[in-house]
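Please work through the exercises below with the sequence and the three-dimensional structure at hand. Each task is followed by a worked solution in steps.

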Amino acid sequence: MNQYKINFDEYKKFEAENIKPLMGICGLYFILLKNTEIPYPFRKSKLIYIGMSEKRTNSIGKRLLGHYDGSSGNEGLVNY
């Protein structure tokens, strides 16, 4: 039987020092804008990205660092 854990941590600023503790952790992550809302079809939202890590070798920390420094190649995130 698999064990799952759900964490809803407080918001953290998108900075390398806040990303490093997430190395080796798998799961879902959300990237939100601080002040800008995007007009989506149902309502405005600060959410710009939902990501997922399934393996520790490609952990949340590794994926977020790639988004942070632009090496992920996600042009939408780089533009924000």
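The exercises move from the whole chain to its core, its aromatic pairs and single residues.

**Exercise 1. Overall description**

Task: State how many helices and strands the protein chain has, and in what order its elements run.

Solution.
Step 1. The model is predicted, and the protein chain averages a pLDDT of 89, with 95% of the residues scoring at least 70.
Step 2. The secondary structure comes to three helices and four strands.
Step 3. Read from the N terminus, the order of the elements is α-β-β-β-β-α-α.
Step 4. Mean confidence varies among these elements: helix α3 (residues 75-79) has the lowest mean pLDDT, 83, and β3 has the highest, 96.
Step 5. Along the principal axes, the C-alpha atoms fill a box of roughly 40 × 30 × 20 Å.
Step 6. The surface exposed by the protein chain is about 7000 Å², of which carbon and sulfur atoms supply 52%.
Step 7. Of the 80 residues, 20% count as buried.

**Exercise 2. The nonpolar core**

Task: Identify the residues of the largest nonpolar core and the elements that each supply at least two of them.

Solution.
Step 1. A general tendency is a useful start: in soluble globular proteins, nonpolar side chains tend to be buried together.
Step 2. The largest nonpolar core here has ten residues, namely I19, Y29, I31, L33, I38, I48, Y49, I60, L64 and L77.
Step 3. At least two residues of this core come from each of β1 (27-32), β4 and α2 (60-69).
Step 4. Consider one core member, L77: apart from neighbours within four places in sequence, L77 is in contact with I31, I48, Y49 and H67.
Step 5. Turn to α2, whose buried residues are I60, G61, L64, G66 and H67.
Step 6. The cover over the buried residues of α2 includes α1, β1, β4 and α3.
Step 7. After α2 comes G70, which has a positive phi near 90°.

**Exercise 3. The aromatic pairs**

Task: Describe the geometry of each aromatic pair in the structure, and decide whether the rings belong to buried or partly exposed residues.

Solution.
Step 1. A pair of aromatic rings is described by the distance of the centres and the angle of the planes.
Step 2. The structure holds two such pairs.
Step 3. F14 and Y68 are paired edge-to-face, with 5.4 Å from centre to centre and 85° between the planes. This pair links distant parts of the chain, 54 residues apart: F14 is in the segment before α1 (16-19), and Y68 is in helix α2.
Step 4. F14 counts as partly exposed because its relative accessibility is 36%. Y68 is likewise partly exposed, since its relative accessible area is 41%.
Step 5. Y29 and Y49 form a tilted pair, with 6.1 Å from centre to centre and 35° between the planes. Here, too, distant parts of the chain are linked: Y29 in strand β1 and Y49 in strand β4 are 20 residues apart.
Step 6. Both Y29 and Y49 are buried.

**Exercise 4. Three residues in loops**

Task: For S59, K46 and Y40, determine the loop in which each lies, whether each is buried or partly exposed, and which residues each touches.

Solution.
Step 1. S59 is found in the loop between β4 and α2. Its relative accessible area is 2%, so S59 is buried.
Step 2. Not counting residues up to four places away in sequence, S59 touches L22, M23, G24, I25 and S53. The side chain of S59 reaches the backbone nitrogen of G24 at 3.0 Å.
Step 3. K46 lies between β3 (44-45) and β4 (47-53). Its relative accessibility is 31%, so K46 counts as partly exposed.
Step 4. Beyond its neighbours within four places in sequence, K46 is in contact with I31, L32, L33, K34, T36 and E37. K46 and K34 are twelve residues apart along the chain, and their C-alpha atoms are separated by 7.0 Å.
Step 5. Y40 lies in the loop between β2 (38-39) and β3. At 37% relative accessibility, Y40 therefore counts as partly exposed.
Step 6. With neighbours within four places in sequence left aside, Y40 is in contact with S45, L47 and I48. From C-alpha to C-alpha, Y40 and E15 are 26 Å apart in space, at 25 residues apart in sequence.

Conventions. Residues are numbered from 1 along each chain as its sequence is written. Side-chain values use heavy atoms; hydrogens and water are left out. Buried means under 20% relative accessible area, exposed over 50%, partly exposed in between (1.4 Å probe, protein chains only). Contact means heavy atoms within 4.5 Å. A nonpolar core is a set of buried Ala, Val, Leu, Ile, Met, Phe, Trp, Tyr and Cys residues joined through side-chain atoms within 4.5 Å. A polar contact is a pair of N or O atoms within 3.5 Å; within protein, one must be able to donate a hydrogen and the other to accept it, and residues adjacent in sequence count only if both atoms are side-chain atoms. Rings of Phe, Tyr and Trp (its six-membered ring) pair if their centres lie within 6.5 Å; planes under 30 degrees apart count as stacked, over 60 as edge-to-face and the rest as tilted. pLDDT is the predictor's confidence in each residue, from 0 to 100. Accessible areas come from the Shrake-Rupley method with a 1.4 Å probe; for residues, only the protein chains shown count as cover.
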